[in-house]
Amino acid sequence: MELFLHDRKFLLSQFLILCMIIVVSCRGPVYKPPEIEKLTDHFSRLSVNQSYNVFYGGTNIHMTNNGSSAEIILDKSSGSGLISKEKYYYGFFNAALKLPAHFTSGVVVAFYMSNSDVFPHNHDEIDFELLGHEKRRDWVLQTNLYGNGSVHTGREEKFYLWFDPTLDFHDYTILWNNHHIVFLVDNVPIREVVHNTAISSVYPSKPMSIIVTIWDGSEWATHGGKYPVNYNYAPFITTMKGIELEGCIKQQQNNTNSSSILTPTCSKRSSTSSFDPVDGEGFMKLSSQQMAGLDWARRKHMFYSYCQDTKRYKVLPPECTAK
């Protein structure tokens, strides 16, 4: 009897270990991020209907909670998207997103800035793209940027997230000023692009709209197009709230060429420059705490950087080797 109980306990312990292995392998390693100052606490949160207009797919956009939040939907008929009511030159831009669950291969949720509508041949762009997966939790986060139409040189970096983005809302933030561009997730910096001479010719430099979309990226989004969108799992719903749009607003003027860059009007929040509301000391460079967070995110969660892709680039872009 004692031997039976011992064997039973042994089998139970082995079963629990196997369950833990299965959970980790399916969900990926989960790390706790370091404590970091919450930049999102510096700015007021806006409702979606205050800040955005319909970009496309209006029937697949549902305002909720009296317009403080919104659902953007992808189904077999269409994707959908929202676009900011203003164009901004420099600023701090945030959206809290909750992503679709279950089988989401081929689905792309994008939170990005662009001016391709005004500058089709030399547009700027700063991108967060969340790429669905054939496994429920394994969304991939891709960041990218273009400046002055530099679309032939992709500057992608890809990350696994340290949380399940389908269970709750998480903040995705773009900080863009004359000093650097910083991509942050839940206030943790995951990528910094310093504005130096090596990248100055392709550094985004013109007013942009902020856009949030959900769309079918079957041709490339999941393992290079290996897994397309499966509409048996539709509709795919992303919920959005927690809007922060703090930047220099480009003013529209009559009898002015629409492609010209007009002097923006900025918040008076900035202490060092009336031109840029995020040009103060706390936004010019990362703090030691933020640098530690950046290092943590890149060591533990980044799995691709264009600066390491020597098969793609026989000669790496100049900013990759700049000191």
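How many bridges join strand 8 (residues 140-146) to strand 9? The count is 4, and the two strands run antiparallel. Strands here are DSSP runs of E, at least two residues long, numbered from the N terminus; two of them pair if DSSP finds at least two bridges between them.

This is a predicted model: local features need pLDDT of at least 70, side-chain atom pairs count only at pLDDT 80 or more, and totals for chains, interfaces and linings use all residues. Residues are numbered from 1 along each chain as its sequence is written, and side-chain values use heavy atoms, without hydrogens and water.

**Stop 1: strand 9.** Select residues 157-160. Glu-157 and Phe-159 point to one face and are buried (under 20% relative accessible area, 1.4 Å probe, protein chains only). Lys-158 and Tyr-160 point to the other face and are not buried. Now show the partners. Val-140 stands opposite Tyr-160. Lys-158 stands opposite Tyr-304 in strand 15.

**Stop 2: strand 7.** Select Glu-125 and Glu-129. UniProt's unreviewed entry places the feature "active site" at both; such annotations may be inferred rather than shown by experiment. Glu-125 lies in strand 7 (residues 125-131), and Glu-129 is found there too. Glu-125 is buried at 14% relative accessible area; Glu-129 is buried at 13%. The Glu-125 side chain makes a polar contact (N or O atoms within 3.5 Å, one able to donate a hydrogen and the other to accept it) with the side chain of His-123, at 2.9 Å. Glu-129 touches (heavy atoms within 4.5 Å) residues including Val-140, Trp-215 and Trp-220.

How values were computed
Buried < 20%, exposed > 50% of the residue type's maximum accessible area, 1.4 Å probe, protein only. Lists of a residue's contacts leave out its neighbours within four places in sequence.
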